[in-house]
Amino acid sequence: MKEKFLWGGAVAANQWEGAYDVDGKGLSIADVQTAGAHGVPRIIHDHVHEGVYYPSHEGIDSYHRYKEDIALFKEMGFKCLRFSINWPRIYPQGDEETPNEAGLKFYDEFIDELLKNDIQPVITLSHYETPLYLVDHYGSWRNRKLIDFFLNYCKTVFHRYKGKVKYWMTFNEINETMNKEEPFFQAGLRFKEGENPNEIKVIASHNMFVASAKAVKLAHEIDSNYQVGCMVQYPTTYASSSRPEDQLAQRFQMMPNWYYTDVMAKGYYSNLCKAQLRRLGVNLEVSEEDKKILKEGVVDYIALSYYFSSIASADDKNDCIVTRKNPFLERNDWDWPIDPIGLRIGLNELYDRYELPLFVVENGLGLDEYPDEKGQINDDKRIKFLKDHIIQLKKAMDEDFVDVIGYTTWGPIDIISVGTGEMKKRYGFIYVDKDDKGYGTLKRSKKKSFDWYKEVIASNGEKL
Ligand code: BG6
């Protein structure tokens with residue numbers, strides 16, 4: 001492992017901060033999503049309804065408790081913390097010219113607290129926190145005006161935190177925009193009658209590509225030390241058999257994902273992107289000006305989340321069928337297969353394709369767990385999961401020569417789940433006393449994995 005390898009954890013503002021309407025913050029798209037459960041989707045409201053439980057409103061209240069949380073991260077020896085800035089804390093509506101000073105002040109103090117504890121801030125600019133006002137009044141990312149609003153926000157924080165931050169990333173899991181279920185979570189997209197969802201997703205993605213490229217360029221102008229990455233969910237996918245049709249289906253399944261990394265890491269719509277657009281039946285005209293921007297704003301690194309792998313096969317009509325039911329793999333309680341080797345494969349695929357440094361910024365195991373009669377949580381399953389993934393990460397680095405900057409586990413402290421809004425889907429080394437209805441003392445306590453991860457970091461990945 002490199003000497004300066006960035007070990008740490010990752011969180012998102014909407015899942016841990018709470019304080020959803022404090023100090024002038026506006027609503028984000030996360031603030032109107034109800035709690036769901038495994039198999040029960042979260043409902044998206046137009047506005048906040050009285051008496052409804054919205055998990056993001058309190059999160060785990062880190063807005064008020066972050067000093068305690070950072071102290072625990074420091075005890076584990078974190079080299080970095082990946083977190084997102086809650087965009088509507090800085091620009092409550094999103095289209096204002098001047099920022100909300102109270103929001104900036106909060107992150108001043110938060111970042112200073114990290115630095116005081118020798119933890120490097122790694123910042124996601126947009127992690128499912130687009131201001132709701134921009135969705136209601138501008139149609140979210142389908143509207144090009146969002147590029148300027150986003151850039152205005154970036155400019156503010158790039159200047160404000162200059163000299164304190166090195167790594168930024170633009171949009172969390174940007175490739176989820178193409179996903180069937182998540183265009184609202186990711187990009188705030190709601191479809192109107194008669195609209196072609198694929199076309200809207202392609203246009204919204206293009207606007208985000210341009211925004212991201214402009215942000216990269218701007219960041220470098222403001223501080224030449226800044227490194228700006230894109231961030232994708234990496235869905236390593238296997239063909240279900242050696243049948244050529246299944247192999248082709250596997251490729252088709254990966255294309256919408258490489259579509260995103262190709263544009264942001266190569267700086268243009270590659271041949272694969274054109275083929276993907278044809279498959280979607282969408283014609284995208286890209287202006288010469290936008291082509292230039294994309295070229296000038298190639299990312300410095302690629303950040304990825306990795307949780308599980310999938311299987312693709314072709315049906316009688318040669319349509320691609322995807323499943324997570326791999327007979328060779330165990331699954332967690334939310335049916336996510338556990339596949340450490342899939343991480344090594346994913347890292348190799350991305351590095352072969354782009355030869356840019358990679359940053360694993362999310363990985364972890366969601367478990368429904370409670371303290372035993374002694375108040376302890378023996379999360380051996382989580383330890384095994386992380387250990388097995390770190391082994392594969394090391395193989396990718398040491399044996400396959402993949403350049404990886406760091407590894408941050410998802411939710412080092414239990415936070416709200418994005419997919420279900422549950423609290424019981426816990427990823428942390430630190431337990432938080434709160435249930436799915438929002439009740440609990442919010443008290444923090446260490447799980448068994450806390451000391452384990454501390455050793456991993458102290459030994460730079462040698463003691464697993
Ligand atoms: C990623 C997101 O998709 O996966 C996180 O970037 C999310 O925000 C994480 O929390 C785990 O998903 P879930 O649904 O278990 O919270």
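**Exercise 1. The ligand shell**

Which residues come nearest, of the 14 residues around the ligand?

*Solution.* Start with the source: this is a predicted model. Now look around the ligand. Glu173, Glu362, Gly419, Lys425 and Tyr427 come nearest. Next, sort the shell by residue type. Six of its residues are nonpolar, five are polar and three are charged.

**Exercise 2. Polar contacts of the ligand**

Find what lies 2.8 Å or 2.7 Å from an oxygen atom of the ligand.

*Solution.* The cut-off for a polar contact is a pair of N or O atoms within 3.5 Å. Take Gln15 to begin. A polar atom of the Gln15 side chain sits 2.8 Å from a ligand oxygen. Move on to Gly419. Here a polar atom of the backbone is 2.7 Å from an oxygen atom of the ligand. Then turn to Lys425. An N or O atom of the Lys425 side chain is 2.7 Å from a ligand oxygen. Finish with the surface. The ligand taken alone exposes 380 Å², and the protein buries 93% of that.

**Exercise 3. A pair within one helix**

Lys266 and Asp262 form a salt bridge. Locate both residues, then decide for each: buried or partly exposed?

*Solution.* Recall the principle. Side chains of opposite charge can pair when their charged atoms come close. Check the distance: N to O, the two side chains are 3.9 Å apart. The cut-off for a salt bridge is 4 Å. Now place the pair. Both residues lie in helix α9, which covers residues 244–266. They are four residues apart, about one turn of the helix. Last, apply the burial limit: buried means under 20% relative accessible area. Asp262 has 0%, so Asp262 is buried. Lys266 has 30%, so Lys266 is partly exposed.

**Exercise 4. Two more salt bridges**

Work out the burial of each partner in Asp246–Arg243 and Asp379–Arg382.

*Solution.* Begin with Asp246 and Arg243. Their closest N and O atoms are 2.8 Å apart. Asp246 is at 4% relative accessibility and therefore counts as buried. Arg243 is at 36% and counts as partly exposed. Continue with Asp379 and Arg382. Their closest N and O atoms are 2.8 Å apart. Asp379 is buried, because its relative accessible area is 2%. Arg382 is at 0%, so Arg382 is buried.

**Exercise 5. From pair to network**

Which residues are linked with Asp379 and Arg382 in a network of salt bridges?

*Solution.* Follow the links from this pair. Glu369, Asp414, Arg426 and Lys447 belong to the network with Asp379 and Arg382. Then step back to the whole model. The structure holds 36 salt bridges.

Terms used. Residues are numbered from 1 along each chain as its sequence is written. This is a predicted model: local features need pLDDT of at least 70, side-chain atom pairs count only at pLDDT 80 or more; totals for chains, interfaces and linings use all residues. Side-chain values use heavy atoms; hydrogens and water are left out. A residue is near a molecule or strand if one of its heavy atoms lies within 4 Å of it. A polar contact is a pair of N or O atoms within 3.5 Å; within protein, one must be able to donate a hydrogen and the other to accept it, and residues adjacent in sequence count only if both atoms are side-chain atoms. Accessible areas come from the Shrake-Rupley method with a 1.4 Å probe; for residues, only the protein chains shown count as cover. Ala, Val, Leu, Ile, Met, Phe, Trp, Tyr, Cys and Pro count as nonpolar, Asp, Glu, Lys and Arg as charged, and the others, Gly among them, as polar. Buried means under 20% relative accessible area, exposed over 50%, partly exposed in between (1.4 Å probe, protein chains only). Helices (H or I, at least four residues) and strands (E, at least two) are DSSP runs, numbered from the N terminus.
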